[in-house]
Structures are given as C-alpha cells and as structure tokens.
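Hi,

Here is the structure I promised to pass on. Have a look at it first, and my notes follow underneath.

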Amino acid sequence: MGSKSIKVAIYSGSYPDTTFISLLIDELSKRKEVEPYIFGKRKKKFNRAKKSGITFCLIPNNKVIKLFYLIKYLIILIVRNQNLAKALFFISRQQHPNSLKARMHSLARIIPFAIYKPDIIHIQWILHYSFFEPYLDKLNLKVIISLRGYQLSISSFIDENCREITIRALNRAHAIHSISNDLTEQALLLCPTCNAKIVKIPPAINIALFKARIPLVKLRKKIRLISVCRLTWKKGLTYGIRALKLLINEGFDIEYKIIGNGAQREELLFLIEELGLNKHVDLMGHLTQLDLKEILVESDVFLLPSVQEGFSNAVLEAQAIGVPCLVSDAEGLSENISNGVTGFVFKKRSPISIVNAFKKWNFLTEDEKKRMQLACQNRVRAKFPLQKQIDAFESLYKDVATK
C-alpha cells in the first residue's frame with residue numbers, strides 16, 4: 001500500500017454501538033495509516049465535531065430524509081459508474097424480488113460502499129455477512145470477520161441457517177479476528193481449514209478511565225459484591241442470586257449490587273422477592289461511567305456468572321481498579337482473569353460452584369487479598385491496554401490490505 005492510508009469500514013449495523021467498538025473506531029481515527037469509515041443506521045444523535053478523522057455515512061431514521069439520502073447517493077453512483085449502479089440494482093432485485101421496500105433498504109445500505117470504496121470491511125457481528133455476501137465481488141472488498149460470542153457460540157450451533165452463514169463467512173474472510181482461544185476452537189469446529197486466517201486480539205480498555213484504587217483491604221463485616229452486565233439470561237444472574245441465598249443461609253453478610261438494564265429485570269425482581277433477598281440485592285439499573293467507577297472502588301469482589309460470554313470488558317474494568325473477580329467458565333471468560341491470582345473461575349450454571357469460589361476468595365488472608373488486588377491491576381495494565389489492541393488491529397489491516 002506504500003504511504004497510502006488504508007480505508008477500513010468498521011461495520012456493526014448501527015452507530016453509536018457498544019463501548020468496545022466505539023473505542024476501536026475513535027482510536028483508529030488517530031492513526032495516520034488507517035482511515036475508519038462508518039456505515040449502517042444512525043442509532044442516535046452524537047457530536048460529529050468530536051469525531052474528526054472518521055468518515056460517517058449513516059442512514060437517517062426519518063423515512064423522508066432516508067429517501068433523499070438514497071436518491072442523493074444513487075445519483076452520485078450513476079454519474080460515476082453507471083455499470084456498477086446497474087449491477088447493484090440487479091443484485092438487490094435478486095435478493096428481494098417481491099419487496100420494493102426491502103430492495104430500497106438494501107440499496108441504501110450498500111451504495112455508499114460503492115461510492116467511498118473502502119479497501120476492507122471489518123464485520124463486527126458474523127451474521128451480518130449474509131447481507132454483504134452477494135455484493136462483495138462487485139465492490140472488490142476484502143473481508144475481516146470478528147468472532148464475538150453469542151452469534152458464534154449459540155446461534156451458529158442451534159440454528160441451521162445461522163450455521164451455514166457462519167461457515168460461508170469463515171471460508172470467505174481474508175482474516176478472522178477472535179477475542180479468545182475458546183471462540184477460536186468453536187470456529188474451527190465449523191471451518192477446520194480456516195486456522196491460518198485466525199488472529200487473536202483480545203478486548204482492551206482505556207486504563208486511564210479506570211484509575212486503580214489503593215490496594216487496601218477494608219475491614220468491615222458486610223461484604224460488597226457487584227455485577228455489571230445486561231439483564232439477560234445469558235449473563236446467568238439467576239445462578240448468582242441463588243448462590244447468594246446459599247451464602248446468606250450460611251451466615252455471610254453480603255450486599256449485592258447489580259448494575260445494568262435488560263429484559264430480565266422483572267424475572268430477577270420476582271426471584272429476589274421469592275428468595276427473601278430484598279435487603280441484600282439492589283438492581284441499580286444503568287449508571288454513568290463516573291458513578292459506576294465510584295461503586296467499583298467501594299466493592300470487594302466482582303461476580304459474572306455468565307452462561308455464555310465472549311470475554312467481558314466489565315471484568316477487565318473491575319480488575320483495572322483492583323477488584324478481584326469471580327467468573328464462570330463460559331467461553332472466553334475464563335481467559336479474562338488469572339485463576340487463583342486475580343480471582344477464581346467456577347462452573348457455569350452452578351450456584352454451589354459460585355459459593356465455593358466465593359469462599360476461596362473470602363478465606364484468603366488480608367495480605368493475600370492485597371496481593372490479589374495488585375495482581376488484578378498489574379494484569380490488566382500488562383495484557384489489556386487499549387493501545388496494544390489498536391496496534392494489533394492496525395497491523396492486521398495492513399496485512400490484509402497487502403494480500
């Protein structure tokens with residue numbers, strides 16, 4: 001590529017998206033050799049003035065404005081490359097022969113790619129590949145696929161259509177980004193020949209935003225337990241709450257704060273009421289990053305009892321502050337901590353296993369707890385700094401662009 005910067009379309013379907021994808025985009029925009037392009041739907045308003053170095057081409061939510069958006073880009077493409085415009089029209093008609101609305105929506109998504117001509121499309125969620133697949137040859141796009149948990153670990157193994165899309169995506173990709181060894185192994189079950197294309201780049205956090213607390217064990221009777229996650233079945237919170245009930249029955253005095261929103265809130269409230277844990281469990285909903293940090297600093301131990309989990313940035317954030325973590329053995333989650341050093345790993349779907357992991361931490365001496373707090377901070381700073389991750393992505397994009 002020489003001195004020419006690489007145009008990389010970071011595609012997750014909508015923007016702004018999850019914190020880790022937004023961080024990737026923002027940090028790449030500071031690199032001279034990579035130009036990030038963002039396509040898809042506009043999820044909500046954001047300040048573009050603070051996003052210099054990023055090219056946005058987002059479909060508006062308003063139907064009338066969306067129509068003008070499509071007409072504008074369609075005219076531009078016809079003027080520049082009439083043959084390509086015809087080809088994209090033909091493909092969209094093949095994909096949606098009976099729905100003009102679906103056809104127009106597809107064209108609104110794909111035509112900007114033909115105008116901006118990115119070198120690479122980095123598809124963040126593997127099932128989005130099915131939309132791009134028929135257009136890739138015409139657009140001359142190189143493809144990077146990310147493996148991020150649910151869509152690979154669950155959808156691709158329980159749904160035949162998802163499985164077929166995943167296999168085609170893995171075969172077609174020029175490179176495959178995996179966040180953990182476990183997800184790599186699952187991908188190889190579906191596509192044994194794609195091993196050479198897989199590059200492991202684990203998640204990372206902006207350590208400056210999670211200032212480490214002074215590693216001091218606070219002597220108090222009440223133990224402060226915390227979880228930070230979406231309230232959804234795959235986070236396994238029901239197992240954590242049932243484990244708490246067992247610990248309360250044994251005489252432990254525990255205050256359990258759960259931070260986050262989600263569809264499972266009502267179910268969890270019912271379970272808390274049913275088990276008589278209203279005085280011990282607080283569903284706090286969504287918090288600002290500042291409020292979350294204040295609660296993490298005052299917490300003794302972090303719990304994530306996930307049934308399925310690609311990795312979890314929340315666990316990294318807790319360790320960065322110096323909070324030991326108890327995590328399940330779901331997918332890449334067990335790679336997130338160092339078992340016995342920065343926390344303990346337990347069997348998923350097992351309240352008893354959670355209880356045993358909690359006791360391992362609780363029965364440590366004060367000095368051992370201090371060492372674990374320091375180990376948490378040191379591990380994240382050594383292995384998961386954001387700049388290390390961005391360096392790895394920049395190297396990956398260069399490798400793919402020059403193939």
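Let me start with one pairing: Leu304 has Val327 in β13 as its bridge partner. Strand β12 (residues 301–304) and strand β13 (residues 325–328) run parallel and are joined by three bridges. Strands here, like helices, are DSSP runs numbered from the N terminus (E, at least two residues, for strands; H or I, at least four, for helices), and two strands pair if DSSP finds at least two bridges between them.

Before I go on, the housekeeping. This is a predicted model, in which local features need pLDDT of at least 70 and side-chain atom pairs count only at pLDDT 80 or more, while totals for chains, interfaces and linings use all residues. Residues are numbered from 1 along each chain as its sequence is written, and side-chain values use heavy atoms, with hydrogens and water left out.

Back to the strands. β12 and β13 belong to an open sheet of six strands, in the order β11-β10-β9-β12-β13-β14, with parallel pairing. At the edges are β11 (281–285) and β14 (343–346), each of which pairs on one side only. From one strand to the next the twist averages 20 degrees; the axes behind such angles are lines fitted to C-alpha atoms (for helices over the stretch in contact), and angles run from 0 to 180 degrees between N-to-C directions.

In the loop between β12 and α13 (313–321) you'll find Ser312. Its phi is positive, about 95 degrees, although Ser312 is not a glycine. Ser312 is also buried, with a relative accessible area of 12%; buried means under 20% relative accessible area, exposed over 50%, and partly exposed in between, using a 1.4 Å probe and protein chains only.

Now to strand β5 (residues 120–123). It is covered on both faces: Ile120 and His122 on one side, and Ile121 and Ile123 on the other, are all buried. That fits the usual pattern, as side chains in a regular strand alternate between the two faces of the sheet. β5 runs parallel to β1, with four bridges joining them, and Tyr11 has Ile123 as its bridge partner in β5. β5 also pairs in the parallel sense with strand β6 (residues 142–147), again over four bridges, and there Ile120 stands opposite Lys142.

Just ahead of β5, Lys117 sits in the loop between α4 (100–116) and β5. Here is another positive phi outside glycine, near 50 degrees, but Lys117 is exposed, with a relative accessible area of 57%.

What does Ser12 touch, leaving aside its neighbours within four places in sequence? Its contacts (heavy atoms within 4.5 Å) are Asp17, Ile21, Gln124, Trp125 and His128. Ser12 lies in the loop between β1 (6–11) and β2 (14–15) and is buried, at 9% relative accessible area. The side chains of Ser12 and Asp17 are joined by a polar contact of 2.6 Å. That term covers a pair of N or O atoms within 3.5 Å; within protein, one must be able to donate a hydrogen and the other to accept it, and residues adjacent in sequence count only if both atoms are side-chain atoms. A polar atom of the Ser12 side chain also lies 3.0 Å from the backbone oxygen of Ser14.

A little further along, the peptide bond from Tyr15 to Pro16 is cis, with omega near -5 degrees. Pro16 is in the loop between β2 and α1 (19–28).

On to the aromatics: the structure holds 19 aromatic pairs. Rings of Phe, Tyr and Trp (its six-membered ring) pair if their centres lie within 6.5 Å; planes under 30 degrees apart count as stacked, over 60 as edge-to-face and the rest as tilted. Tyr15 and Phe56 make a tilted pair, because their ring centres are 5.2 Å apart and their planes are at 50 degrees. This pair links distant parts of the chain, with Tyr15 in strand β2 and Phe56 in strand β4 (residues 55–59), 41 residues apart. Both Tyr15 and Phe56 are buried. Phe131 and Phe132 are edge-to-face, because their centres are 5.0 Å apart and their planes are at 80 degrees. Phe131 is buried at 14% relative accessible area, and Phe132 is buried at 1%.

One aromatic cluster includes Phe131 and Phe132, along with Tyr11, Tyr37 and Phe39 among its members. Arg109 lies over the face of Phe131, 3.7 Å from the ring centre. Elsewhere, the charged end of Lys369 sits over the ring of Trp361, 4.2 Å from its centre. For a charge to count as over a ring, NZ of Lys or CZ of Arg must be within 6 Å of the ring centre and within 35 degrees of the ring normal.

Cheers
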